[in-house]
Amino acid sequence: MVLAMKNYLYLITIAGCLILGSCSGGEESAPVEKTAAQLTAEGWQAYSGGIYATAAAKFSEALTKDPNFVDAYNGLGWARMKLNTLATALSSFSSGLTRDTVNLEIKAGLAFLYHAQKNYSQSILLADNVLQANSTWAFSRDAAITSADLHLLLAEDYFAQASYAASLQQVQVLDGSFTADISTVAGQEALAKRIEELRGIV
């Protein structure tokens with residue numbers, strides 16, 4: 001009877017161990033910390049889903065793991081730009097560009113950002129730089145953003161500076177059939193109208 005009771009208690013103990021996972025007697029293992037690359041990948045996933053605040057948080061966390069992880073700066077810049085926090089987006093892009101001076105995605109992001117800040121000269125400089133490096137550039141994280149958007153951006157930048165000939169040249173990259181006499185007010189108005197129309201197409 002005593003032996004049977006001991007066996008019964010032994011079985012109960014084993015069952016409890018299996019259920020509670022405490023047979024080893026050791027503490028639960030700590031969760032594996034994510035790398036900057038893994039956090040950045042999660043950030044881009046959130047970005048693609050339009051969850052920009054989450055994306056920004058993931059990119060920021062990645063940079064706490066590795067302050068030199070360039071793609072996290074790139075993602076943080078784009079996410080903050082989507083959140084319309086342009087000053088912090090500028091800081092993120094600039095930090096990334098100091099670490100990778102030829103990163104076209106950062107340069108393209110900066111071109112759009114400078115345009116939003118009405119710094120048209122800097123926007124032109126960076127958009128031109130991207131297109132000269134890769135005339136068929138496309139944003140790897142959003143297939144809808146391509147070299148066509150940069151040409152339209154340049155058309156808008158040049159128009160804002162009253163450089164109508166340069167603006168027309170960029171419009172004609174997108175619409176070779178368009179022409180206007182930019183020496184006249186009517187021609188300038190026609191150019192402005194075509195730029196506005198292209199915003200809904202490009």
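# Salt bridges, aromatic pairs and helix α8

Glutamate 197 has a relative accessible area of 35% and is therefore partly exposed. In this predicted model, glutamate 197 forms a salt bridge with arginine 194, with the closest N and O atoms 2.9 Å apart. The points below begin with such charged pairs, then turn to the aromatic rings, to a buried glutamate, to helix α8 and to valine 202.

**Salt bridges**

- A search of the whole structure finds eight salt bridges, and the one between glutamate 197 and arginine 194 joins residues of helix α10 that, being three residues apart, are separated by about one helical turn.
- Arginine 194 has a relative accessible area of 17% and so counts as buried, whereas its partner glutamate 197, at 35%, is partly exposed.
- Glutamate 33 and lysine 65 meet through their side chains in a salt bridge with an N to O distance of 2.7 Å; this pair links distant parts of the chain, with glutamate 33 in the loop between α1 (2–20) and α2 (36–48) and lysine 65 in helix α3 (residues 52–65), 32 residues apart.
- Within that pair, glutamate 33 counts as exposed because its relative accessibility is 60%, while lysine 65, with a relative accessible area of 37%, is partly exposed.
- A salt bridge of 2.8 Å, N to O, is also formed by the side chains of glutamate 42 and lysine 58, and here too distant parts of the chain are linked, since glutamate 42 lies in helix α2 and lysine 58 in helix α3, 16 residues apart.
- Glutamate 42 is partly exposed, with a relative accessible area of 22%, and lysine 58 likewise counts as partly exposed at 22% relative accessibility.
- Glu42 and Lys58 also belong, together with Lys34, to a network of salt bridges.

**Aromatic pairs around tryptophan 78**

- The structure holds 10 aromatic pairs, one of which is the edge-to-face pair of tryptophan 78 and phenylalanine 93, with 6.1 Å from centre to centre and 90 degrees between the planes.
- Because tryptophan 78 lies in helix α4 (residues 70–82) and phenylalanine 93 in helix α5 (residues 86–99), this pair ties together parts that are 15 residues apart in sequence.
- Tryptophan 78 counts as buried at 2% relative accessibility, and phenylalanine 93 counts as buried at 0%.
- The rings of tryptophan 78 and phenylalanine 139 have centres 4.1 Å apart and planes at 20 degrees, so this pair is stacked; with tryptophan 78 in helix α4 and phenylalanine 139 in the loop between α7 and α8, the pair ties together parts that are 61 residues apart in sequence.
- Phenylalanine 139 counts as buried, at 2% relative accessibility.
- Trp78, Phe93 and Phe139 are among the members of one aromatic cluster, which also includes Trp44, Tyr47, Tyr52, Phe59, Phe112 and Trp137.

**Glutamate 105, a buried acidic residue**

- Glutamate 105, which lies in helix α6 (residues 104–116), is buried yet has no salt bridge, and the nearest side chain of opposite charge, that of arginine 141, is 4.9 Å away.
- A salt bridge requires a nitrogen–oxygen distance within 4 Å, and the side chain of glutamate 105 instead makes a polar contact of 2.5 Å with the side chain of serine 140.
- Apart from its neighbours within four places in sequence, glutamate 105 is in contact with Asn74, Trp78, Trp137, Ala138, Phe139, Ser140 and Arg141.

**Helix α8**

- Helix α8 (residues 147–160) has 14 residues and reaches 20 Å from its first C-alpha to its last, which is close to the 20 Å expected at 1.5 Å a residue.
- This helix is mostly covered, with 11 of its 14 residues buried; among the buried residues are Ser147, Asp149, His151, Glu156, Asp157 and Tyr158.
- The buried residues of α8 pack against α6, α7 (120–133), α9 (164–174) and α10.
- Just after α8, alanine 162 takes a positive phi of about 65 degrees.

**Valine 202**

- Valine 202 lies in the segment after α10 (185–199) and counts as partly exposed, at 31% relative accessibility.
- Apart from its neighbours within four places in sequence, valine 202 is in contact with Ala148, Asp149, Leu152 and Leu174.
- Between valine 202 and serine 147 there are 9.7 Å in space, C-alpha to C-alpha, although the two are 55 residues apart in sequence.

Key: Residues numbered from 1 in each chain as written. Predicted model: local features only at pLDDT ≥ 70, side-chain atom pairs only at ≥ 80, totals over all residues. Heavy atoms only, no water. Helix = DSSP H or I, 4+ residues; strand = E, 2+ residues; numbered from the N terminus. Buried < 20%, exposed > 50% of the residue type's maximum accessible area, 1.4 Å probe, protein only. Lys, Arg positive; Asp, Glu negative; His and termini not counted. Polar contact = N/O pair within 3.5 Å; in protein donor to acceptor, adjacent residues only side chain to side chain. Contact = heavy atoms within 4.5 Å. Expected span 1.5 Å × (residues − 1). Phe/Tyr/Trp six-rings, centres within 6.5 Å; stacked < 30°, edge-to-face > 60°.
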